Every structure is written in C-alpha cells, then in structure tokens.
Amino acid sequence: MARIGVFICHCGHNIAATVNVEKVVEFAKTLPDVVIADHNLYSCSEEGLGSIRKSIEKNKLDRIVVAACTPRTHEPLFRKTCEMAGVNKYLFEFVNIREHCSWIHTKEPDPATEKAKKLIAMGVAKAGLLEPQKETESSVIPTAVVIGGGLTGLTAAASLVAQGIDTHLVETSGRLGGILGDIEIIGPEFSRSKELLDQLVSELKGSSHAKIHLDTKVTAVSGFIGNFEVTIESKGKSEKVPAGAIILATGAKEFVPTGEYGYGSIPGVITQLEFERRLAKGDHPKRVAFIQCVGSRQPGREYCSRVCCNASLKNALRIVEAEPSSRVSIIHRDIMSYGTASERLYREASDKGVVFLRYGLERPANVTRKQKGLVVEVYDETIDENIDIDADLVVLATPMVSREDARDVGKLLKVPLDKYGFFLEAHVKLRPVEFATDGVFICGSARWPSSVSECIGQGLAAAAKASIPIRRGKVVVEAITCWADTDKCAACGSCVIACPYEAIEIVEDEDRRYAKVNEAQCKGCGTCVASCPNDAMQQRGFTSRQLSSMIDALIKNAMEET
Amino acid sequence: MAEFNPTILAFCCNWCSYAGADLAGVGRLQMPPNIHVIRVMCSASVKPEYVLKAISGGVDGVLVLGCHIGDCHYMTGNHRTAKRMPLVQKVLKEVGIDERRLRLDWVSASEGEKFQKVVTEFVGEIKNLGPNPMRGVKW
Amino acid sequence: MVNDLGKKLARLAFEERGADFLLVMREEHGNVAPAMVSKGEDVGVVRLEVPYQLVTILENIYPWISKGKIAVITRRCDEKALAELAKRKYVDDKRIIKIGLACTEEQIERCRCEDPVPSHVDVGEPHAGVKGDELSARLAKMSQKDRLAFWVDQYKKCNKCFGCTLTCPVCFCDDDCVLEERTFVAEPSIPPGLSFHMVRSYHMIDKCIECGECERACPAEIPLLTMRKLLAKDMKEVFKFAPGDEKTVSPLNTTLEGELMEDECNER
C-alpha cells in the first residue's frame, strides 16, 4: 500500500485565480492511498519546498504528487526535494494544472476545477504504481564542438579553450568572423570589429586546445550528452569528432528585399550591410536616407529585429561626423534604441542634425529616381504631411532572418525551430542558451537577432553551461530506459525492428529466447513498448500498468458526471 | 437537456507536443476544458491498446500528438505512430465506432497556436459525434 | 491400420522428400486428431477432410523437436501462417517440408476463402476461391449504430475460453497473452468488454491469414472470421499489405518511406 502525499500549488494567482484549490485539495484527500493533501502558495519557493519536505517526513510518505506548473521546468527541483527527504526521486509525479489548465481556461473556473481534479486523480493513480529507480552514470568526453565561426562561436570557443577544454570550431565558409566581417565599425563605442575578431582568433590560434575547421560542414550528429559523435566533412573528407557538448552558433543572415522601395531596380537603393561595405571603403555619400523596418514588424514577419535601428544610428553618426554638412534622414516606425548607450546615440544623432521622420505601415514611403538623384516621398505621421527627401543613397534597414540551412541543422541536432526558423531554447528564463536536449546549447543570432554585446554575452553563457558536464566528467542518465520481462517475452522480434537505436536483441539462454535491451544504447523513447503484443516490453516511469491506471482514473472520475 | 461535455484523452510527447501545449498555456491561448493530457516521451510509445481501452471504457475521443515527420526527437519514432494509428482507426470503424474519435496530429514545440486549434477543432468534432456509444454498455 | 491416403503421404514425406516426421490428422477410436508420425512408424488412417490448422500444432511442438525435418500438410492458409512464423524465426523453414493440400469446394465456401490453392498441390483437386462474405456485405450496408449493436451483441456471447487465440496459428504469445490481464481489458467479468476483441483485432491485423480457425473454435459462434476479413481488406487499402509472404514486411515495421526500420539506424 503506497502512502501518497498530494501538494497542490496556488502559484500565486496563476492557478488559484481559476482553479478552486481548496476544493481540489478536498477531492485529493478522497483518492486511493492518499494520506495527506495540502496546498502551497508557491511550491517551488524555499518555504513551499520546506513544507513538502516536512510533510514527507511527518507523514512517512513514499509517493509524492505535486500539482503545479509544467514538469519541463521544475521537475528536477521537486525530485531533489524528495531525495532530501529520503524518498527516491523517481517516486515523484508532477501534474500540470497551470499551462494545461488554469492558464487556458481562465473564463471557465468551474470546468477548470473539475479538470484539475481529474488530472490529479490520474497523477495519483500513476504515482501509486511508481517504482524506485537507480540512475546510471555515463562518462563525458572532455571535448566541445562549436558550430559556427562568427563572433558568437568565436567567443564561445575562446572561453572554452581558456578553461582548458579541447574545442573544435566548425565553420562552413572559408573565413572566420561571420557577418561582423562586413561591418567595419561597431556601436555604441565605435570600435573596430577587426580588433575584436582578431583578439578572439589569436586566443584560439594560440591555444593547443583549439582546432579550427574552415570550409567544413557538419553532416551527422549522433549520441547524447557526454557522448556525442559529430561527423564533419571538408573537401570530400569526413572526420568523426567525439564530443561531450555541442554549441550551436550558426548565426543569421540579412534579409535581402525582393523589390521593396525599388531595391534591385533603382540603383542607389541598398541594404545596410551593402552600406557597411561602402563605408568601409571610405565611400561617404552626402545625402543618405535610411528606411527602417523594411520587411519586419509586418504581417508574415512580425518581429522586431532589434539591431537595425542602432545600426542606422551608428552609421548616420559616422556620416555626419565625417562630413558635418551631410544630409541624413532616418525614416522609421519607432526607434528601438534601448538602453543607456544607444539612447545617447539617438540624442546625439538628433543633435547633430539627423532628421527623423515617422511613417506608418499602411502608408510606406516611395522611392523614385529623378534627375537630381533619388527622391524618397514619405508621409510623416508626426506632422501629418508629405515630405520629399533628396538622397544619393537610400539604405534599407532589413531584419536578420534565419539561414536557409537552419532547418537542416535543426534536423541534424534534433532541436526545434520557431516559425521564423530561429532556434527554440528550452526555456527563456529558467534555461536560457540551452536546448531541451541536454548537452546542446544555442547562442547568438541563430536564437534571435542579437547585438554584438548580446552575442558575446550569450556565447560566454553557452560556453559556461557547456563546460559543466565536461568539468564534472560524468552525466547521470535518466532512469527512463526500457526493459523486457523475460518470462512474458515471446521473442517475436517486433521490438528489435521497432527500436530506432538498435538497442534490443533476441538472446538465447538455455532453452529460452527473449529480448534484451542494451541500457547504454537505450534512449528511453518507448517505441518498443508500443510494438510489443504481449506487454513484455516496459519503460521505467511509463509502464503500461501506470499509464493504464491513469486512463482508468480518468474514466472513473469522468463517467460519474454528465 | 444538458449539453454534452466530452471527456477526451490526449497523449503528448515530451519534446514537441507537450512543449507546444505548454507554450499555448504560456500564451494564455484559451481552449475548451475537455482534454486531459498524458505525457509520454515519444508518440511512438503510445500503445494502440491504450486507445482501444480508453474508447472501450467510454472516453469520447483520443488525441495522439507527436512531432512533425522528420523532426522526431527519436529519429523515426513518429513514423511508427503514423503507421499504427490509422490501423487503430480501422479497428474502431469495423466494430461500429466512428474512427474520427481517434485523431493523430503533429504539433511542434513552437506551435502553441496549432495546439489550441487542434484541441478546439477536435472537441467540436467530438461534440458533433455525440457521447461514446460504449458509455454505460453493461457487460 | 493404414489407408491409401496415409500410405501415399508416408511415401511422399519420408521417401521422396526426406522428412523425419510427418504431421497429419488421423482417425483413432472414432475421433480425428492431429498426430506426429515418425519415420518408420505406422502412419494410420489419415483424414484430411476435417479442417484444422496443423501449423498451430507445429508451432507448439516445434521447440521440442531439436533435430530433423518435419513434413506438414499445408493448405494455402497453413503456408501463409508458416511464412509469418518463419519471419519471426519461430520455425526454420529449411526444416519444414510442405505437403500442399488443396481445399474442397465445401471447405472453400465455409471459409469464404479467396485464396485456397497452395503454391504446390500434392493432395486434392484445386478449386477457385470465392469472393466476398455475405455477412461483410450485410454489415457494409448497415448504419454505424447498427453495426456497433451487431458486434456488441455478438461479443456479449464471449465467455473468454481463449479458443480463438489457442487455435490461431499466428498467435504466438501463448500463456502470456495480454488479454488475460487487467491492464487493457478492464472488466474482470465474463463476457470481457469490447477492448478484448478490439485489442485482438489490432494484434492480428498484420498477421492474420484468414484460416477461420478462430471462428470454428468459438463455442458461441461469433463470426470472428468476418471481422478478420473486414480488417484484412482495410489493411490492403491503407497499406497495400497482406500477411503470408515471407518476402514482405509488415507496414508496422517500416518507416513511412517503406524502409525497414532496422536499416535506418545510423547510431552505431
């Protein structure tokens, strides 16, 4: 007989505003094997965790159910709490009544409360059948692979080698530096990008721990945290690199307009990066008009690319500082110069005569070529008037967009992307620069458009996180692997074929044949379980009896209504 | 007569559809309160027996959600799901239970809106189909 | 006592084809039952007009026959069942000698069999198969509600004798059948609920070779063969697959591109 404790979280207002926590607690008390049901304002707080620990000890609980947010955030925290109270961490079950209940049924508190009750009944049913598990340890290969040799990748790699960790930096093109290679001066301090990049490259080249691979692509990735195998290919030759952690820093690219504002048909209409290259060559035009938000903050690409306003401000200032009589205008739909340094640039630009005009999405500007040069007709919203701007160059500030190979890279590493093709990290606040897949990290503009300082910060963060398993030397493999009940197994071979990792084989023992799972190879997907006709194949933490009991609990608690 | 309030079971895979459901929650995307999620590591671990047991027991609808084909965390896990579920639907159909009571769909970790859409659509469809005819059948 | 048929089969199996054992149906004390005859042993009065799946017997005793070749009387369905067993390595088909038996017209009618002629006919006159099952046609015209009512009525007669699973040549879980447990079949009662029959249907969907043994064995006369045939038709429509060929792979074992799942692993 299990002794189950159920702890229901208010999560402040997040759950309690919709779900009647008191009623749910009362209901939980009636469930089979439940010894105590209680509630906390914030279960994940010191106080909440402490009260759970005390309750476990006082009530001699041996199965714990917490009904709160999503297990994808705090499961490790609660599992640890159980361990500290002397209960095996796999005797813990998390019921999601926030993301899957209170937050999505805010206008239906009664049905939400009933649903929470059923979800908890299901969780309690499963908890009653949980078994303690022992985790196995796996050693970690003390090598990191950084994919992408731009600023972010260089920063991450330099940080790793500074810690003494062998690092492979893989770059598809023939040079390091990425987009920054095209940008001579970077804001807000107007430093030279070359100095920043040279510094990083020399740190790498000067270290015996770094190996740089140019003109190289990643063609395959297999394994799991601590034990990856990254196959890289260069000029027809391939190499298998064993690694403990992988950092993805593939960056993004500039959106090239498809004819907006005359791009491609009217000479003199160029993108920001094209402008950066001209400025680097010393080409300073006298009259420049910047048009912001070209292809961003509009239907189909709703996001703000965060770096383009600052880039235009920086370049505008470069022009007026080089030639005070220059005529520079920035035609915008909000200037996103966040923070103290960038805001100062905005003021400075305005003080130095840069003209700012606001336009609206419904009435974009129009660029035409006249005898005297380019003319930008813009309806300025602020003064409610049509203005004509004369320019030698029209610079289109376009957003950063994901690279074409982003989805392929995502498939190789089995990591998700959002609808814009940027990589999706595990959790913005609780697990930044990490993927849900352990041991793979994301930083830089591949994650979303980032400024130079943000790229550096993220690269360092990813390197710091990647170094943790490598320094520890071992990782714990979650005990959710599969096994075959040798008495039941009929050796039909369905599981052997179904397993995506070839982790199962039929073995012979005296006169019996049965399936055997190689635990080191098993990734805990459970595919074998569903292919087994007589339920011999089981997955720890997801056994067929456990999941069936959840279905029984749902049926029991649902059929009593309606 | 009270409006029929379906009881629906959903299996969501940890890496994609469960995360997508979480994202829908984070975005406060509202949807009908009829679905109850069981978390699994991969949609390929959803035993057809669970679906048949649930429907035999009176559950009005079962939703199996996995990663998009090609994006499964376990390589071709979802291929197996894609092969199994249509056959489960045929088993239901032949015995006289509407095969639309089982739905297989793909929701990625970033598709909170798709999760909302699938859930809302499915609940609507089950409402139209009416209560599971196996409810209250005495054996 | 030996009959002519017995003599013929004994000569065919032991002398011409080199078998060490022969699995037949023979009459003893007025009853007809399966028998395993060793080379040199009296083959007895062989009776083949009694329909029975000898491959089911073969499957059960094979683990105890470690050496020697076994000749077995195989109808077309037996042949297909053997193919399914060989695929799963339950029998080594190099040790099995098939003696092809063509079914009589009456037998074909009774099984509503569409594919009654074995690849090689040693005994009996081959006849054409029949198309369609009268009950299937009637069910197809019924409304969904009526169809469910029909099957619930039928399945309510079930008394969990497990005759269907025990006589089925491709049912290999034997003593460990999942239908005996409470995990998926919630009702401990007799009759078991619908999940018992639906789970069996799903398990059979890529294995059933439509021999009809289940229906013949059922004491409650539930039209099990009809349900098997309906799902076989669905399997053909959805995945263009029919069990019974050693060379083909169940769609449940291939990826969406038809690749055998074993081959797609690149982790090693």
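**Close-up views of a predicted model**

**View 1. An open sheet in chain A runs in the order β16-β23-β17-β18-β19, with 5 strands and parallel pairing.** This is a predicted model, like every view below. On the rims sit β16 (269-271) and β19 (355-358) of chain A, edge strands that each pair on one side only. Going from one strand to the next, the twist averages 25 degrees. Zoom in on β17 (residues 287-291) and β23 (residues 393-396) of chain A and you'll find 4 bridges holding them in the parallel sense. One pair to pick out there is Phe290(A), which stands opposite Val395(A) of β23(A).

**View 2. Helices α8 and α9 of chain A lie across strands of chain A.** Take α8 first. Helix α8 (residues 272-280) of chain A lies across β16 and β23 of chain A, and its direction makes an angle of about 95 degrees with β16(A). Now for α9. Helix α9 (residues 308-322) of chain A lies across β17 and β18 (327-332) of chain A, at about 170 degrees to β18(A).

**View 3. Strands β1 and β2 of chain A run parallel and are linked by a β-α-β crossover.** Strand β1 covers residues 4-9 of chain A, strand β2 covers residues 34-40 of chain A, and 6 bridges join them. If you want a single pair to look at, Val6(A) has Ala37(A) as its bridge partner in β2(A). Between the two strands the chain passes through helix α1 (residues 21-29) of chain A, and the crossover is right-handed.

**View 4. Chain A in full is divided into domain 1, domain 2, domain 3 and domain 4.** Domain 1 takes residues 4-134, and domain 3 takes 258-398. Domain 2 comes in two stretches, 143-252 + 402-475, while domain 4 is 482-539. From domain 2 to domain 4 of chain A, the C-alpha centres lie 38 Å apart. Chain A has 15 helices and 30 strands, and its C-alpha atoms fill a box of roughly 90 × 60 × 40 Å along the principal axes. Of the 562 residues in chain A, 50% are buried. Looking at contacts in chain A with a separation of 6 or more, 70% of them come from residues 24 or more positions apart.

**View 5. Chain A meets chain B through 47 residues of chain A and 45 residues of chain B.** Which elements give two or more residues to the chain A side? They are α4 (98-102), α5 (109-128), α14 (527-531) and α15 (544-559) of chain A. The largest share comes from α15(A), with 9 residues. Sort the chain A side by class and you get 24 nonpolar, 11 polar and 12 charged residues.

**View 6. Val118(B) has its place in helix α4 (residues 112-129) of chain B.** Is Val118(B) buried or exposed? Val118(B) counts as buried because 24 other C-beta atoms lie within 10 Å, and the cut-off for buried is 20 or more. Leaving out residues up to four places away in sequence, Val118(B) touches Asp105(B) and Val107(B). For a sense of how the chain runs on from here, compare Gly136(B): Val118(B) and Gly136(B) are 18 residues apart in sequence, with 28 Å between their C-alpha atoms.

**View 7. Chain C splits into domain 1 (4-111) and domain 2 (134-253).** Taken over C-alpha atoms, the centres of the two domains of chain C are 25 Å apart. Their contact draws on 15 residues from domain 1 of chain C and 17 residues from domain 2 of chain C. On the domain 1 side, α2 (54-61) and α3 (76-87) of chain C each supply at least two residues. The largest share of that side is from α3(C), which brings 8 residues. By class, the domain 1 side has 9 nonpolar, 2 polar and 4 charged residues.

**View 8. Chain C also touches chain A, with 19 residues of chain C in contact with 18 residues of chain A.** On the chain C side of this contact, the residues divide into 8 nonpolar, 4 polar and 7 charged.

How values were computed
Residues are numbered from 1 along each chain as its sequence is written. Chains are lettered from A and ligands numbered from 1 in the order in which they are written. This is a predicted model: local features need pLDDT of at least 70, side-chain atom pairs count only at pLDDT 80 or more; totals for chains, interfaces and linings use all residues. Two strands pair if DSSP finds at least two bridges between them. A crossover is right-handed if, with the strands pointing away from the viewer, the path from the first strand over the helix to the second runs clockwise. Two residues are in contact if their C-beta atoms, placed from the backbone, lie within 7 Å. Ala, Val, Leu, Ile, Met, Phe, Trp, Tyr, Cys and Pro count as nonpolar, Asp, Glu, Lys and Arg as charged, and the others, Gly among them, as polar. Domain bounds come from an automatic or database domain assignment. Axes are lines fitted to C-alpha atoms, for helices over the stretch in contact, and angles run from 0 to 180 degrees between N-to-C directions. A residue is buried if 20 or more other C-beta atoms lie within 10 Å of its own, exposed if 12 or fewer, and partly exposed in between; C-beta atoms are placed from the backbone.
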